[in-house]
Structure formats: C-alpha cells, structure tokens
Amino acid sequence: SIPIGRGPRGAVARSCPERRPAPPVRSCSPPSMTDGAGGSVSSEESQEDLRDETNAVFGTPMFGRLGEDFLNDPDEGFGDGFSSAAATLSGASGKHLKDELEKYMQRGPRVSRIVEEQERYIKMWAGVEYGVAVVYDKPLSAMFNFFYDVLQFSSGRDKVCAFFQGFAKFASAEFSEPASEAHWMYRGIEDSLSDGRKVFRLFKEFREVYKVRRGINRFIEGVSQEGICSIPAACGFVDIFGHTASFFYYLFDNLLWAASVGIVRAKEMPKHGFWKNGVVMEHLGGLRSVKRRKNWASMWRLNFGIIANTLLLRRACSLCPPAHGFQGLDDPRLFHTIELLGMFANYSILWSKLGFSRLSHTRLGFLAVLPSGGGIWGQ
C-alpha cells in the first residue's frame, strides 16, 4: 500500500493494494499523449517517437520483407505481401506462394509426356500382336497346333522322341566321320533319347489289361453282329493276343529301366558295382535274356498288328470304292496304309536285333524314322 496524498493532477490518492499497470496500447495515430510530468505532448513529437520505435522493431532482420513493406507504406499495413508471403514453398526464398503455384502449374507438359509414353507402349504392343497374327495365325498356326495336339499325350511325346532318336542314328553314320566329335554327339543323343523314352513307357502294361478286355468285347460284338468269320470278330480276336504281347513287352521294358537305375540287380550294369544278378534277373536269365524276351514280345505284337491292319484296310477299301476318290488326310485307307508301312519298318529293325539279319546304322536310322513319323501323323 502507498500513503494517501495528492497526485500530479491534485487528485486524492487512497490507500489500495499495489497493482502492476497494464501495458500501454499504442496506436498509429494517437489523439494525444502525456509526458512523464503530466504535461501534454504534441502530435508531431508523439508520431516521431512512434516512428522511431516502429523502425527499431520492424527494421530487424527477423521480419525481413514484411517489415520493409510495412515501413515503406504503413497505411497499407502488410498489404498483399502479408497474405501472399505468409507461407512459401521454398521457405526463406521470399517467393510468393501465388508465383510459385503458377510456375508449378506451368509444369503440365510432364503429364502429357506420361500420356504420350503410355500411347507409345500401347502402339508397340499392338505392333507385336499384329506381328504374331501375321507370323503365327496365318502361315505357322497349323504346324504349331499340330505339335500341340501331338505333345498332349505321353504316347505322342514318345513318338516325337523316337523320330529324333532314329534321325540321330542316321546322322551318326551319314553326317559325320567315324569316331569324330559329331559322331559321338549323335550317338549320345541317340542313347539319351533311348533311355528317356523308357520313362514314357513306365506302367503302361496296366493299360494293356484294359485293352485286352476291350478286344474281348469287340470279338463278342463282332460275332453277335456279323458272325464269327467276319472282319470285326477277327480283329477283336487278334486284339486280344496283340495286347497280351504288348503287356509283356512293357513289363520287360520296365525291368530294363529298373536295372539301369539299380532298382533291380544286374551284373551287366558295371556302373552300379553289382557283381551278380538279383533274384529277378537270375530267374529271367540275365539282362541279355530280358532284352531278347522284350524283342520277341514286340515281334509278336507286330505280327498281330499287321494282321489287324490288313483286315481293316480290306474292309475300308470295300466300304470306300475307288469311284469315291481320295477323301483327304482322314481317309481310312491312307491311315491303315501308313500304319502297315511303319509296322514293316519296325519288323525289319526287330529282325536285325534278334540276329536274323545285319543292317547298317544308316538303314536302321532311316527305318526308325518311318514308323515314328507315321505314328506322329496318326496321333
């Protein structure tokens, strides 16, 4: 508290708690001001003092361009500079947001370049599709579709491998010198394809059981429809024995594959280190005996196959007289003729393997290509 007394202007001061005076509110153009002694101060002096204080505050580097704009034109205040420069994209660069946005919006060609790149890729892909349509769909589609249909089944892939195996045998004798690098390359291809084809024939003997039953049904239907001496009945009867021979052919072929990988012990396979045959090979007489049995089974199934196709060719000729002409690639007469040609070629190869004749590699390879090519066409 302070004592009671008179103030500068003669007012009576009362005793009251001491209060901190509020900060003065300054105005750009105050009507009047007082000095410390209670006297009045002229407007020119007050404006000059205010200008000095304003220059001292807004002239600092902290305000930057905002302070300069205010000091140059105090009546406009901060003006447009405050509204546009209050926030900038570049921080302390001083560029107005409006100007920077205009420059950023002028970068529109980048979007158009992206669209142009997309259109260029679309045109490029359309050119690729057009090239595929010109090359594949028109001249080569028939060949591609043919191989696609052939390679869908394991029997078709076996025929393709047999074709290249026969060609490799033929090329080793005709297209290379004896004991040359190319000669051994072709022989390696031949041996590799021969071993690989055994995988396609795994467990096919079980399928032959179904075909034997199918032959029995054909024989019964042929007898009931056309008699026991008819071609359908004879073909059914031949199918029974032909597929029985095929059953043993695939069984012996699977045994040879098992011996080649060591599942069945065979002393003729030195790479596995066996010095004697196992129970299976000992009972069958060894590896060479199994190969001979396999070739005889193949020979017998060829005999029955030749008989069946000859009968079917005779029936096709009777049903399709020469007056009707050629019926295209699906003509049954053409089909059975090609089948017989391949069977006779295989018969010659087996006759040589059994030791009844001697054929050169050139002739063996050529004869191997014929039945495999006919099988691919009939597939």
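Are lysine 294 and aspartate 253 buried or exposed? Both turn out to be buried. Keep in mind as you look around that this is a predicted model.

Let's stay with that pair for a moment. Side chains of opposite charge can pair when their charged atoms come close. Here, lysine 294 and aspartate 253 form a salt bridge, with N and O 2.9 Å apart. Lysine 294 sits in helix 11 (residues 287-319) and aspartate 253 in helix 9 (residues 231-261), so their contact ties together parts of the chain that are 41 residues apart in sequence. This pair isn't on its own, either: salt bridges with shared partners link Asp158, Arg197, Arg201, Asp253 and Lys294 into one network.

Two names in that network lead us to another spot. Arginine 197 and aspartate 158 join their side chains in a salt bridge, again with 2.9 Å from N to O. You'll find arginine 197 in helix 7 (residues 181-200) and aspartate 158 in helix 6 (residues 154-174), so this bridge connects parts 39 residues apart in sequence. Arginine 197 and aspartate 158 are both buried.

Now follow helix 7 and helix 6 to one more pair, glutamate 190 and lysine 169. Their salt bridge brings the closest N and O atoms to 2.4 Å from each other. Glutamate 190 belongs to helix 7 and lysine 169 to helix 6, so the two tie together parts that are 21 residues apart in sequence. Glutamate 190 is buried, and lysine 169 is buried too.

How many salt bridges does the count come to? It comes to ten, counting a side-chain nitrogen of Lys or Arg within 4 Å of a carboxyl oxygen of Asp or Glu.

Note on methods:
Residues are numbered from 1 along each chain as its sequence is written. This is a predicted model: local features need pLDDT of at least 70, side-chain atom pairs count only at pLDDT 80 or more; totals for chains, interfaces and linings use all residues. Side-chain values use heavy atoms; hydrogens and water are left out. Helices (H or I, at least four residues) and strands (E, at least two) are DSSP runs, numbered from the N terminus. Buried means under 20% relative accessible area, exposed over 50%, partly exposed in between (1.4 Å probe, protein chains only).
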